[in-house]
Amino acid sequence: MAFSFTFQRFFYYSKGTRNFSNVGFVGLGQMGSRMAKNILKKGHKLTIFDINKNAVKKLCESGATSAENAAEVSQNSDVIITMLPSNKHVLDCYIGEKSILSSAKKNTLLIDSSTIDPSISETVAQEAEKKHVRFIDGPVSGGINAAENGTLTFMVGGSKNNFDDAKHIFEAMGSRIVHCGEKIGMGQAAKLCNNMLLAISMIGTAEAFNLGQKLGLDSKILAEIVNSSSGRCWASEVYNPVPGLIPNVPSSNNYQGGFGSALMVKDLGLAQDVASRSKTPILLGSLAHQIYLAVISKGFADKDFSVIYQFLKEDKNI
């Protein structure tokens, strides 16, 4: 019964309480472009902005309206989702010149789905409050395939009222929406913990499959064993780093697309920062950060983070 109570308390699938008519989206990268497309599929009016003109053009062909900057998105939207690469991009987008907050209407709901330091989310929320604008953090998990299919998991920090109002927007892009707490930044905290564990898990998976290959073991057979045994994990079962084992994942496409190794380094660095501030030991998290720094130093920065498998196979100095 205790488990049932917890599940009902934190996981929500019902429609939200407010039906936003005009949605804005800023940040149309690998994840953001797919998330925005699902917003369109649900019939919302969508205003978009990104410095990548090709990404903007593709979505406009699907029915979106382009804006010249984030401020113009803000002028035309009741709710705005942002999906940006770093702390600086988020601060510039929300607080800088021609920013969202420079022209946001009162009571606009802002949702930041970037992966950033929780303290940055708190800063944006404080500035939003001064403008009588609402803000929640809602980073995502699931990768490109989940973004494409609208099955992302959202980890949300912020007031329950704002969370409830945003639910039907989240449900246009994801299948699981988790309220992580009333405090702004709790979604980011959950995301950083998750991504740190993901990096550690992917390194372990790559090492295991590389060792199996060196010992002459067929990777398909090893995958069958791992995925039905105690070594089972998302990195092996859903996103295996060995080329050819799973179709439609980056490892089977020369590690193109997906979640870049440079972004994983960024997230692991954020985890290091918050761990240092909270005086929390993250021994494997710190080691994973160093390993992925080595990965990008070998020219794999733009490759999906599962390229760690290829890195292990190629690096003779390890």
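The chain has 14 helices and 10 strands. The model is a predicted one.

**Overall shape**

The chain holds 318 residues, and a compact globule of that length would have a radius of gyration near 20 Å. The chain has 20 Å, so the value agrees with the globule rule. Along its principal axes, the C-alpha trace spans about 65 × 50 × 35 Å. Buried residues account for 51% of the 318 residues. The accessible surface is about 15,200 Å². Carbon and sulfur atoms contribute 54% of that surface. Contacts reach far along the sequence: among those between residues at least 6 apart, 66% join residues at least 24 apart.

**Nonpolar cores**

In soluble globular proteins, nonpolar side chains tend to be buried together. Here the largest nonpolar core has 35 residues. Phe25, Met35 and Met173 touch the most other members. Helix α8 (residues 160–173) supplies the largest share of this core, 6 residues.

What does Phe25 touch, leaving aside residues up to four places away in sequence? Its partners include Met35 and Met173. Also among them are Gly32, Ala36, Leu46, Thr47, Ile48 and Phe49. Val73, Ile81 and Met83 complete the list.

Another core lies apart from the largest one. This second core has 33 residues, among them Met196, Ala206, Phe300 and Phe311.

**Helix α13**

Helix α13 covers residues 283–300. At 1.5 Å a residue, its 18 residues should span 26 Å. The end C-alpha atoms are 24 Å apart, which agrees. Which residues of α13 are buried? They are Gly285, Ala288, His289, Ile291, Tyr292, Val295 and Phe300. These buried residues pack against α9 (186–214), α12 and α14 (308–314). Phe300 is also a member of the 33-residue core.

**Salt bridges**

Side chains of opposite charge can pair when their charged atoms come close. The count of salt bridges is 11. Three of them are set out below.

| Pair | Closest N to O | Relative accessibility |
|---|---|---|
| Lys105 and Asp78 | 3.6 Å | Lys105 35%, Asp78 17% |
| Lys88 and Asp92 | 2.7 Å | Lys88 58%, Asp92 37% |
| Asp117 and Arg277 | 2.8 Å | Asp117 5%, Arg277 52% |

Take the bridge between Lys105 and Asp78. The pair links distant parts of the chain, 27 residues apart. Lys105 sits in the loop between α5 (87–95) and β6 (109–112). Asp78 sits in the loop between α4 (70–75) and β5 (79–82). Lys105 counts as partly exposed, because its relative accessibility is 35%. Asp78, at 17%, counts as buried.

Lys88 and Asp92 also form a salt bridge. Both lie in helix α5, 4 residues apart, so about one helical turn separates them. Lys88 is exposed, and Asp92 is partly exposed.

Asp117 bridges to Arg277. This pair, too, links distant parts of the chain, 160 residues apart. Asp117 is in the loop between β6 and α6 (118–130), and Arg277 is in helix α12 (residues 261–277). Is each partner buried or exposed? Asp117 is buried, with a relative accessible area of 5%. Arg277 is exposed, because its 52% is over the 50% cut-off.

Elsewhere, Lys160, Asp164 and Lys167 are linked in a network of salt bridges.

Methods
Residues are numbered from 1 along each chain as its sequence is written. This is a predicted model: local features need pLDDT of at least 70, side-chain atom pairs count only at pLDDT 80 or more; totals for chains, interfaces and linings use all residues. Side-chain values use heavy atoms; hydrogens and water are left out. A nonpolar core is a set of buried Ala, Val, Leu, Ile, Met, Phe, Trp, Tyr and Cys residues joined through side-chain atoms within 4.5 Å. Buried means under 20% relative accessible area, exposed over 50%, partly exposed in between (1.4 Å probe, protein chains only). Helices (H or I, at least four residues) and strands (E, at least two) are DSSP runs, numbered from the N terminus. Contact means heavy atoms within 4.5 Å. A salt bridge is a side-chain nitrogen of Lys or Arg within 4 Å of a carboxyl oxygen of Asp or Glu. The expected span of a helix is 1.5 Å times one less than its number of residues. The radius of gyration is taken over C-alpha atoms; the globule rule is 2.2 Å times the number of residues to the power 0.38. Accessible areas come from the Shrake-Rupley method with a 1.4 Å probe; for residues, only the protein chains shown count as cover.
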